[in-house]
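Subject: Handing over a structure

Dear colleague,

I am passing on the structure below, together with an account of what was found in it. Please keep it open beside the text as you read.

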Amino acid sequence: MAKFIIYFFCVSLAIILLAGSLISVKMLGGPPLEIKPVTVPTVMGKQNNITFHFIDKGAGIRQIDACLIQGRKTVALGGKVFPSKSWWRGTGIKNQMLSWRVDPLSLGLSQGKAIFRITTRDASWRDDFKGDEKIWQSEVTIDTIPPAITVLSSINDMITGGSGLISYKTNKEVSRTGVWVNNLFFPGYPRTHGSNEFIALIAIPFDAVRPKLYIEATDMAGNIARAGFPYKILYRRPNVDRIEITDGFLDQKLPEFTSRYPELTGKTPVEIFLQINSKLRRENEEEIRKICSLNTSPEIMWQGPFMALKGAARAGFADERHYFYNGKEISQANHMGIDIAALAHFPVPAANSGKVIFTGYIGIYGNTIIIDHGLGLASLYAHLEEFKVNAGDTVKRGTIIGLTDSTGLAGGDHLHYSMLVNGVFVNPIEWLDGNWIKGHITDKLPAE
Ligand SMILES: [Zn+2]
């Protein structure tokens with residue numbers, strides 16, 4: 001019996017010691033709570049989202065609090081308290097994301113410097129069972145005043161389908177700025193690196209009706225300023241053109257499309273043409289818009305007037321084309337460039353200095369080259385036979401980039417030449433004219 005009691009006592013002691021050591025490892029030791037900032041602004045505007053990630057691999061997270069301190073003032077931003085599951089298990093909260101939405105002015109804080117502080121405690125028994133305290137803090141600047149915008153360019157006469165340049169300056173650093181033309185945004189680029197003077201090339205869409213234009217600038221704290229500027233827009237009516245779609249044309253062109261776009265098979269030739277001229281055309285324009293707006297240089301790369309292929313002008317910008325088949329109108333589209341016909345397989349020069357940002361096949365445009373000229377300005381060459389350049393090449397005005405052909409939706413060998421501002425098609429005729437460029441672009445640039 002005595003033996004059994006000693007045996008029982010020893011086993012119990014071993015169990016108590018083992019459990020105690022497990023609990024004490026968890027409740028007394030373990031790695032410290034980690035405070036990881038996810039989003040913390042360095043400048044606070046009117047509305048700020050602050051997010052932190054908390055990790056505790058020991059007894060768990062007990063309490064999280066945040067506050068803003070400015071001089072002698074401390075404003076609590078709230079936090080969270082986690083209850084203990086039991087005295088030996090802690091809270092069991094190992095991972096916690098917490099966000100605060102902070103409006104410093106409504107909390108009675110003023111413009112200027114402040115300290116953002118996070119205080120945490122874990123569920124361990126350290127520090128007289130109150131848990132281990134950890135603090136994370138950083139300096140922030142409270143700034144809820146929107147930037148001031150001063151317009152520098154004075155005369156802003158533009159034409160529908162045309163381009164323009166707006167220059168302006170802000171009184172502080174901005175995170176995003178540009179000019180809105182209705183719902184189209186044209187980014188403003190610093191005149192020189194790090195400068196608060198900006199230039200934005202803009203486009204007035206050919207079909208814009210009474211567009212609203214204004215400059216917008218968002219500072220580092222997210223404060224947004226908007227400013228109008230004087231402008232005048234002349235309305236240019238596109239030419240109207242009638243195009244006969246013949247069976248010969250369909251027989252000649254459709255195989256190129258049905259071989260590339262399997263979804264076109266099983267339809268009549270006219271149905272295929274309609275799908276190419278509407279849906280595919282829209283998809284192609286969207287692809288071009290993306291290529292141009294995502295790959296532009298923040299510097300002006302061109303100089304002097306743009307040059308076009310020498311040849312006979314065949315179609316103008318934004319021409320309103322009505323397509324007829326067997327005497328009946330079946331489709332409509334606007335022609336987003338100019339057509340120039342020379343000899344077949346004629347060498348095509350780059351219109352100005354820039355960087356090739358695309359060579360490839362784009363549906364109705366066939367084999368296409370796009371050159372970026374900086375600040376969102378691009379030139380596009382379509383229906384080509386072959387490419388003499390590759391994407392990434394820099395070219396000079398006049399460099400031969402390819403040969404003309406009739407790839408894509410072209411009835412005969414010619415060059416389709418387009419120009420775009422931030423992905424919006426504009427009338428190339430303006431950019432071919434040195435006087436127009438001087439009056440509307442270069443004279444409006446602020447001095448460097
Ligand atoms: Zn064309």
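The second largest pocket of this predicted model has a volume of about 380 Å³. Of the 15 residues that line this pocket, F206, E285, M336, V424 and F425 are the closest to its centre. Two or more residues of the lining come from each of helix 4, strand 22 (328–335) and strand 31 (424–426), and helix 4 gives the most, with 5 residues. Sorted by class, the lining of the second largest pocket holds 7 nonpolar, 2 polar and 6 charged residues. Both domain 2 (149–234) and domain 3 (240–425) contribute to the lining of this second largest pocket, with at least three residues drawn from each.

Those two domains belong to a domain assignment of the protein that gives domain 1 (30–142), domain 2 (149–234) and domain 3 (240–425). Between the centres of domain 1 and domain 2, taken over C-alpha atoms, there are 41 Å.

The largest pocket, for its part, has a volume of about 500 Å³. Its lining is made of 25 residues, and R321, D339, L409, A410 and G411 are the ones that lie nearest the centre of the pocket. At least two residues of the lining of the largest pocket are supplied by each of strand 19 (240–244), helix 4, strand 20 (312–315), strand 21 (319–325) and strand 23 (338–341), with strand 19 giving the most, 3 residues. The class count for the lining of the largest pocket is 12 nonpolar, 6 polar and 7 charged residues.

Helix 4 has now come up with both pockets, and it deserves a paragraph of its own. How far apart are the end C-alpha atoms of helix 4? The helix runs over residues 269–294, and at 1.5 Å a residue its 26 residues should span 38 Å, while its end C-alpha atoms are 36 Å apart, which agrees. Helix 4 nevertheless has a kink of about 35 degrees, and this kink is centred on L280. L280 is also one of the buried residues of helix 4, a group that includes V270, I272, F273, Q275, I276 and N277, and further along the helix R281, N284, I288, I291 and C292 are buried as well. On helices in general, an α-helix has 3.6 residues a turn, so residues three or four places apart point the same way.

Some residues of helix 4 can be met again in the cavities, of which a search of the whole structure finds 2 of 30 Å³ or more. The largest cavity has a volume of about 60 Å³, and its lining consists of Y261, E263, L264, Q275, I276, K279, L280 and E283. L280, on which the kink of helix 4 is centred, is thus among the residues that line the largest cavity. By class, the lining of the largest cavity divides into 4 nonpolar, 1 polar and 3 charged residues. The second largest cavity has a volume of about 30 Å³ and is lined by P32, L33, D122, D132 and K134; its lining has 2 nonpolar, no polar and 3 charged residues.

Helix 3 can be read in the way that helix 4 was. At 1.5 Å a residue, the 14 residues of helix 3 (residues 247–260) should span 20 Å, and the end C-alpha atoms of this helix are 20 Å apart, which agrees. Helix 3 has a kink of about 40 degrees at L254, and the kink lies shortly before the proline P255. The buried residues in helix 3 are F249, L250, K253, L254 and F257, so that L254 is both the place of the kink and a buried residue.

Finally, two residues in loops call for a look at their backbone. Most residues other than glycine have a negative phi. In N182, however, phi is near 50 degrees, a positive value, and N182 is found in the loop between strand 12 (174–181) and strand 13 (184–187). In A318 phi is near 65 degrees, also a positive value in a residue other than glycine, and the place of A318 is in the loop between strand 20 and strand 21. Which of these are buried and which partly exposed? N182 is partly exposed, with a relative accessible area of 38%, whereas A318 is buried, with a relative accessible area of 0%.

With best wishes

Conventions
Residues numbered from 1 in each chain as written. Predicted model: local features only at pLDDT ≥ 70, side-chain atom pairs only at ≥ 80, totals over all residues. Heavy atoms only, no water. Helix = DSSP H or I, 4+ residues; strand = E, 2+ residues; numbered from the N terminus. Expected span 1.5 Å × (residues − 1). Bend = angle between axes of the 7 residues up to and from the residue. Buried < 20%, exposed > 50% of the residue type's maximum accessible area, 1.4 Å probe, protein only. 1 Å grid on protein atoms, 1.4 Å probe; cavity = no way out; pocket = protein on both sides within 12 Å on 5 of 7 lines; lining within 4 Å. Points joined across faces, edges and corners; volume = space filled by probe spheres on them. Nonpolar A, V, L, I, M, F, W, Y, C, P; charged D, E, K, R; others polar. Domains from an automatic or database assignment.
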